[in-house]
Amino acid sequence: MLLALILIPLLAAIAVALSPRTSPALPRLLALAATGATFVISVMLFLRFDIAGGMQFEQTMAWVPSLGLRFHVGVDGLNIGLVLMGCIVAFAATAVSWDIQRDEKGFYSLLLAMIGGILGAFVSQDLFWLYFFHELALIPTFLMIGVWGRGEDKNYATFNITMYLTLGALIALSGLILLYLQMPLADRTFDIQAMTKHFQLHPIAAGDQNLIFGLLMFGFGILVSLWPFHTWAPLGYGAAPTANAMLHAGVLKKFGLYGLIRIALPMLPAGSQRWLPVLALLCMGNLVYCGWVAMRQRNLNGLIGNSSVAHMGFCFLGIASLTLVGVTGAVLVMIAHGLLAALSFGLSGYLYSQTGTLDIPRLGGLLRRLPFIGAALMIALFAGCGVPGFANFAGELMVLFGAWKSGVTGHWMVVAAAWAGLIIGAVYMLRAIRNMLHCPEAEGAGEWIDAIGSRRWPYALLIAALVLFGVAPGLLTDAIKPSAEAIVKMASSGKANAVAPAAPLLKAASTH
Amino acid sequence: MNASLLSLEWMILGGGLVFLLLDLWTPAGKKRSLGYAAAALVAVTLVWSFRVDASTPQLAFNDGYVLDALALFFKRFFLIATIGVLLMSVDFADQFQAGIGEYYSLILFALGGMMLAASANDFTMLFVSIELITVTFYVLTSFLRHKTPSLEAGIKYLILGALSSGVMVYGIALVFGSSGTMKFGELAEKAAGLTHQKVFLIGALFLVAGLAFKISAFPFHVWTPDVYEGSPSPTTAFLAVGSKAAGFVLLLRFLFVAMPHAVVAEWSRVLMVMSGVTILYGNLCAIPQRSLKRLLGYSSISNGGYMLLGVAAMSHEGSTAVLYYLSGYLFTVLAGFLVISIVVRQLGSDDLKAIAGLHRRSPLLATALTLAMVSLAGVPPLAGFFGKFLLLKSVLEQGSSYYWLMAVAVVGVVISISYYLGVVRAIYWSDRPIEPKELILGAPMRIALYACVLGMLYLGLFPNFTLELASRATGVLKF
């Protein structure tokens, strides 16, 4: 099942690339069919997922035995929700791409390759493949921004995002290889479960843990737009075509956070003790500074892009708290924000196709002219403020509880920053609602056409998911909790290890 | 002596002589297709090479020639490369005013030199094979006799090549003078007592300098961009793939078979610095280039630097990574030069502007060039990614004294993204209006391109088989 989840989009990408030029509608149909199939599969997986079952739907294949490399996919509570979210966003992103009128073949083939890479990254249980699939999305992003992107900065933006992400990925790769080399020569493997088990029984020396955790934190951090390495994100999303921005901001960006939770925390407990306070401090930059920047934006995409960077602060904060409720909240925010970012960028893409501008002052009175899109945008902006009823609220609240409970140095300061971030968020979101949705109609508003019929359902799908998980967050948190608990327990063993570097796990656990 | 050991070389060198004669009796209009016959000969030799058994090292020519797994790996590498180069030459041949048949023969002679280099087991064989390669390349680089840039390339290659050969001979003389032997095997035993003898060390250093010229490592790289730019495209491709790989097999054998371990271990710092500087220099200089061939020239310098990472790691894993990286580099660079050769021949320019809108003229060419650039940049799922992964892994394996080199390599890769993807940008979106002129692609070129693309994907997605071969090949080296 999981293998099909990766192979369907990738094979469809090849099929689209080889499809004849004489049938211009075929690429879009193939892409919709492929992402629709992955969506159905992911819903089935989610429904059949056994909360108490640990790692499920596993599939393995030998690949390069001499290096201990094998193909291994599986889902547990940590990534089942992310996979579902990824498939929803992928389906919606394909559906909103009707405005692509040029080189559809190339566009959909790159989009499908990107989707295959993203889904592969989230289901891989092998470090090498995790990295491999993530990098698969790099070149499609570059080409899609370059060829189908918009704005005068697109040239700069596309190189900026590609080089920044390559740097982050390579730093993370150095950390991953160093982690691999810490395994004894005889049973070297890239398998995440085997490595986690080994490093729990035989902790790595504290100095090496600090080095590797630092590499992973900054490498993955760059991929998630950790302040002050976030500048690529608003710029790139502003220039990207709608589908690309939706997938990148919504799903791909969560890869770094997933990597930190899945790899860095359980394998490097002592390193996380050393670095998580630093992460807590840096995430204040996301929460407050990037929120502040978002407040100053006059461009809708700039606002959404910066606010999405700001929201990453909550995820970092949840991880840094290293408490069960905090980490669970972080995963919930990842899923909720994925849906929200996709919805926001999808709507801004629709607006751009109608108005030709994303300048907020030139977008007045949307609610009168475009009732459906206006209402959807209102929902997105309210969800962004953290209004109860949407999944974001539940996640952010859990993160705040977790951060308050944790003993991270200066946690009151970070929590205060998070509150400040929420208030700043409310200010710019509400201001955007006033200026775009309610103001007098802008010039040329008469020509804008609201989304009708089949163009509505991608937005409706995303909103439905946001509300569903907002009203019943237990659907996700019940699955996340067991996995998060195991990870928090493993990562917390570093507290004792920080004092006695080589203390075995059992001893460390009993001191708590 | 067992002459049948050299069966592959006999086939190629004999074939070269035959083609030289055939050229006399072939009517002028049909000379071009002699290249297909030459490519067929090389292909037959490649198939024949699978009948050659090299599981245990076998010696010939008074131990000057060895046939082992490493030699066979490189022989096959050179044979595959030459098939691509010959197909490219047939397409390119109408640019030559005269001597088409000679061009094919010279390629076969250079191939013979490379195959001998793969088996060189003493200094005589090392020098003779290198000279066979270099002297043929003097002619191959200046084959566009009516074009000044080609002649200029030939002269530059001649002067610097002669200089480096001189340095190398001097080095060989010093090593022979201090150790009293020309044989790699004997030297490894005798040299244990020579580790502190300055004459011996200087001689060995001169030898490494001569080989560094072949792989265009800093500071022996100056000829590369000019010669790459001026030479006919097939020659440039052959230089980039064959000549560089020959340099690496000789370097690996010299460092890890002939030299005592104590000396090499002391040189690790030198190799590390050379690798790091080569990576940075090649990548930084490539950024402002507008000529594709020149850009690939600098890229070839930086790739030499990456491969030196594996040499500097001084481990079995490192050398295996070099072999693997070279295999991927073969398909990648051939794909790149196949496209450039067609563009240069039909549009008359290798400027970045010439490839604007290439995807409208020929989707296959655009896709192949894009994949080649992406593979050079080291992005999955292509060969370049797995090769770089192996190289970086082998560097990190050597412990914390190598971490700075890893950092340099990472910086180099990030820099390289900017110009490799700059080529991709030039293809797909550029502000220049495009005149829709179709590019004509013959069936052989089409097949060669497909083969290169498949090779890149195969080595990126299914590395196991080639990795095993490379690992077995480097088993003959001592660390």
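**Notes on a two-chain predicted model**

1. Let's start with a helix pair in chain A: the crossing of α17(A) and α19(A) is left-handed. Please keep in mind while reading that this is a predicted model. Helix α17 of chain A covers residues 371–385 and helix α19 of chain A covers residues 411–438; they pack at an angle of about 165°, and their axes are 8 Å apart. At that angle, α17(A) is roughly antiparallel to α19(A).

2. Which residues of α17(A) and α19(A) meet? From α17(A) come A:G374, A:L377, A:M378, A:L381, A:G384 and A:C385. They meet A:G425, A:A426, A:M429, A:A432, A:I433 and A:L437 in α19(A). Sorted by class, the residues of this contact are 9 nonpolar, 3 polar and no charged.

3. Stepping back to chain A as a whole, there are 23 helices and 2 strands. The C-alpha trace of chain A spans about 70 × 55 × 40 Å along its principal axes. The radius of gyration of chain A is 22 Å, which agrees with the value near 24 Å that a compact globule of 512 residues would have.

4. How much of chain A counts as buried? The share is 62% of its 512 residues. Looking at contacts in chain A with a separation of 6 or more, 82% are between residues 24 or more positions apart.

5. Now for the partner: chain B has 19 helices and 2 strands. Its radius of gyration is 21 Å, close to the 23 Å that the globule rule gives for 479 residues, so chain B is as compact as a globular protein of that length. For its C-alpha trace, the spans along the principal axes are about 70 × 55 × 40 Å.

6. Buried residues account for 61% of the 479 in chain B. If you take the contacts in chain B between residues at least 6 apart in sequence, 79% of them join residues at least 24 apart.

7. Chain B also offers a helix pair to look at. Helix α3 (residues 69–92) of chain B packs with helix α18 (residues 443–461) of chain B at an angle of about 150°, their axes being 10 Å apart. The crossing of α3(B) and α18(B) is left-handed. On the α3(B) side, the contact is made by B:G84, B:L87, B:V90 and B:D91, and on the α18(B) side by B:P444, B:M445 and B:A448. The classes in this contact of α3(B) with α18(B) are 5 nonpolar, 1 polar and 1 charged.

8. One residue to click on is B:V199, found in helix α8 (residues 198–214) of chain B. Is B:V199 buried or partly exposed? Partly exposed: B:V199 has 14 other C-beta atoms within 10 Å, and a count of 20 or more would make a residue buried. Leaving aside residues up to four places away in sequence, B:V199 touches B:L174, B:G177 and B:S178. As for B:A110, its C-alpha lies 32 Å from that of B:V199, with the two positions 89 residues apart in sequence numbering.

9. Finally, where do the chains meet? The contact takes 23 residues from chain A and 23 residues from chain B. On the side of chain B that touches chain A, the elements giving two or more residues are α16 (383–397), α17 (403–428) and α19 (464–473) of chain B. Of these, α17(B) gives the most, with 9 residues. By class, this side of chain B has 16 nonpolar, 3 polar and 4 charged residues.

Terms used. Residues are numbered from 1 along each chain as its sequence is written. Chains are lettered from A and ligands numbered from 1 in the order in which they are written. This is a predicted model: local features need pLDDT of at least 70, side-chain atom pairs count only at pLDDT 80 or more; totals for chains, interfaces and linings use all residues. Two residues are in contact if their C-beta atoms, placed from the backbone, lie within 7 Å. Helices (H or I, at least four residues) and strands (E, at least two) are DSSP runs, numbered from the N terminus. Ala, Val, Leu, Ile, Met, Phe, Trp, Tyr, Cys and Pro count as nonpolar, Asp, Glu, Lys and Arg as charged, and the others, Gly among them, as polar. The radius of gyration is taken over C-alpha atoms; the globule rule is 2.2 Å times the number of residues to the power 0.38. A residue is buried if 20 or more other C-beta atoms lie within 10 Å of its own, exposed if 12 or fewer, and partly exposed in between; C-beta atoms are placed from the backbone. Axes are lines fitted to C-alpha atoms, for helices over the stretch in contact, and angles run from 0 to 180 degrees between N-to-C directions. Angles under 35 degrees count as roughly parallel, over 145 as roughly antiparallel, 65 to 115 as roughly perpendicular and the rest as oblique. A crossing is left-handed if the near helix is turned anticlockwise from the far one by less than a right angle, and right-handed if clockwise.
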